[in-house]
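Subject: Structure for your files

Hello,

Please find the structure below. My notes on what was found in it follow.

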Amino acid sequence: QVQLVESGGGLVQPGGSLRLSCAASGNIFSINDMRWFRQAPGKEREFVAQISWSSGSIHAGAVKGRFTISRDNARNTVYLQMNSLKPEDTAVYYCNADVKSTGGTDYRAYWGQGTQVTVSS
């Protein structure tokens, strides 16, 4: 089995910064793309950023220039550096990864449990 565990969420004032982490563990052979999504109260889950194994990345328009996704392949960990935070960034942030298990033949998508980010004065 594979587990994704997020950390780093919390309460921050507008204009502040947070760094989220998501560590994958378990029966892992390789990890392809890793992603961050977020879901605000009463809204659908939305894409935030994606990074490939070779660190090619894309960011959603709403966060471009403020958020940066990165990864450490040796630690099976993806990060999201969030700067210039706004109240509208308040949401539960989820990581997602395409993982091939040892002995497996295909990549499967796994989700973390989420971490709350609240931007408020």
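**Overall fold**

The protein chain has 11 strands and 0 helices (DSSP runs, E of at least two residues for strands, H or I of at least four for helices, numbered from the N terminus). This is a predicted model, in which local features need pLDDT of at least 70 and side-chain atom pairs count only at pLDDT 80 or more, while totals for chains, interfaces and linings use all residues. Residues are numbered from 1 along each chain as its sequence is written, and side-chain values use heavy atoms, with hydrogens and water left out.

The radius of gyration of the protein chain is 14 Å, close to the 14 Å from the globule rule for 121 residues, so the chain is as compact as a globular protein of that length. That radius is taken over C-alpha atoms, and the rule is 2.2 Å times the number of residues to the power 0.38. Along the principal axes, the C-alpha atoms fill a box of roughly 50 × 25 × 25 Å. Of the 121 residues, 45% are buried (buried is under 20% relative accessible area, exposed over 50%, partly exposed in between; 1.4 Å probe, protein chains only). Among contacts with a separation of 6 or more, 55% are between residues 24 or more positions apart; contact means heavy atoms within 4.5 Å.

**The S7-S8 hairpin**

Strand S7 covers residues 67-72, and its side chains alternate. Phe67, Ile69 and Arg71 point to one face and are buried, whereas Thr68, Ser70 and Asp72 point to the other and are not. In a regular strand, side chains alternate between the two faces of the sheet. S7 pairs with strand S8 (residues 77-82) in the antiparallel sense over 6 bridges; strands pair if DSSP finds at least two bridges between them. Arginine 71 has valine 78 in S8 as its bridge partner. The two strands form a hairpin with 4 residues between them, and asparagine 76 in the turn has a positive phi of about 50 degrees.

**Aromatic rings and charges**

A search of the whole structure finds 2 aromatic pairs (rings of Phe, Tyr and Trp, the last by its six-membered ring, with centres within 6.5 Å; planes under 30 degrees apart are stacked, over 60 edge-to-face, the rest tilted). The ring centres of phenylalanine 37 and phenylalanine 47 are 5.8 Å apart and the planes are at 80 degrees, so this pair is edge-to-face. Phenylalanine 37 lies in strand S4 (residues 28-39) and phenylalanine 47 in strand S5 (residues 46-51), 10 residues apart. Phenylalanine 37 is buried at 17% relative accessible area, while phenylalanine 47 is partly exposed at 29%.

Phenylalanine 37 also forms a tilted pair with tryptophan 111, at 5.0 Å centre to centre and 55 degrees between the planes. Tryptophan 111 is in strand S10 (residues 108-111), 74 residues from phenylalanine 37, and is partly exposed at 40%. Ring pairs thus link Phe37, Phe47 and Trp111 into a cluster.

Two arginines place their charged ends over tyrosine rings: arginine 19 over tyrosine 79, 4.0 Å from the ring centre, and arginine 45 over tyrosine 94, 3.8 Å from the ring centre. The criterion is NZ of Lys or CZ of Arg within 6 Å of the ring centre and within 35 degrees of the ring normal.

**Alanine 109**

Strand S10 also holds alanine 109, which is partly exposed at 47% relative accessibility. Leaving aside neighbours within four places in sequence, alanine 109 is in contact with Asn96, Ala97 and Asp98. Aspartate 98 is 11 residues from alanine 109 in sequence and 4.5 Å away in space, C-alpha to C-alpha.

Regards
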